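Biologist: I am new to this structure and would like a close look at a single part of it, the nonpolar core. Could you take me through that part with care?

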Amino acid sequence: MSIETDIKQKKFRSAYQRLALNLVYTSNWLEYKQLEIFKEYDITSQQYNVLRILRGQQSNPIKVSDITERMLDKNSNTSRLVDKLLAKNLAKRSSCANDRRAVDVLITEEGLQLLKELDPLVAEWENRFNVITIEEADQISSLLDKLRESDH
């Protein structure tokens, strides 16, 4: 369906307004589809993002501040997200050897197991993008990068 049909709007002020609304609408649609996967596992997309960052560390501890820098959602309260993962035994913390004020975070075996279960579901979710070619995907990604660069 077109953005016009989905939001029941016939005309836009400009092609740029149509693009902006289409990006916001599509982003929300994708997030909702992803949330359907995570709901069954009682985690949010932000918690999933933290778990993936922790798994990427390959058993090396990481500071909460470093997790924040890598988050997809820059408005996330990373400390709160980590606390929720700790409560679910999906992550564990330890004192930072270099900085007593900082806390290191590691993924637990339970966290790794959860990601192992989620990996095929997320891969299936990502397959919705195969309606476009790899070249188109690269072009869209480049255009989105260009759009974000305009803010610098």
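Modeller: Contact here means that heavy atoms lie within 4.5 Å, and with that in mind we can turn to the model, which is a predicted one. In this sense I67 touches V50, I53, L54, I62, T78, V82 and V105, a list that leaves out residues up to four places away in sequence. I67 belongs, together with V50 and L54, to the residues with the most contacts inside the largest nonpolar core, which has 25 residues. At least two residues of this core come from each of the helices α2 (15-39), α3 (45-56), α4 (64-70), α5 (78-87) and α6 (109-126), and the strand β3 (103-107) likewise supplies at least two.

Two of these helices are also linked by a salt bridge, for the side chains of D119 and R55 meet with N and O 2.9 Å apart, and this pair joins distant parts of the chain, with D119 in helix α6 and R55 in helix α3, 64 residues apart. Since partly exposed covers the range between 20% and 50% relative accessible area, D119 counts as partly exposed because its value is 30%, and R55 is partly exposed as well, at 27%.

Helix α2, which also supplies the core, holds Y16, and Y16 is exposed because its relative accessible area, 70%, is over the 50% cut-off. Y16 forms a nonpolar patch on the surface with L19, L23, I140, L144 and L147, and together they have about 570 Å² of accessible area; the elements that give two or more residues to this patch are α2 and α7 (134-149).

Definitions and conventions. Residues numbered from 1 in each chain as written. Predicted model: local features only at pLDDT ≥ 70, side-chain atom pairs only at ≥ 80, totals over all residues. Heavy atoms only, no water. Core = buried A, V, L, I, M, F, W, Y, C linked by side-chain atoms within 4.5 Å. Buried < 20%, exposed > 50% of the residue type's maximum accessible area, 1.4 Å probe, protein only. Helix = DSSP H or I, 4+ residues; strand = E, 2+ residues; numbered from the N terminus. Patch = residues over 30% accessible without salt bridge, like charges linked within 9 Å, V, L, I, M, F, W, Y side chains within 5 Å. Areas by Shrake-Rupley, 256 points an atom, 1.4 Å probe, with all protein chains shown as cover. Salt bridge = Lys/Arg side-chain N within 4 Å of Asp/Glu carboxyl O.
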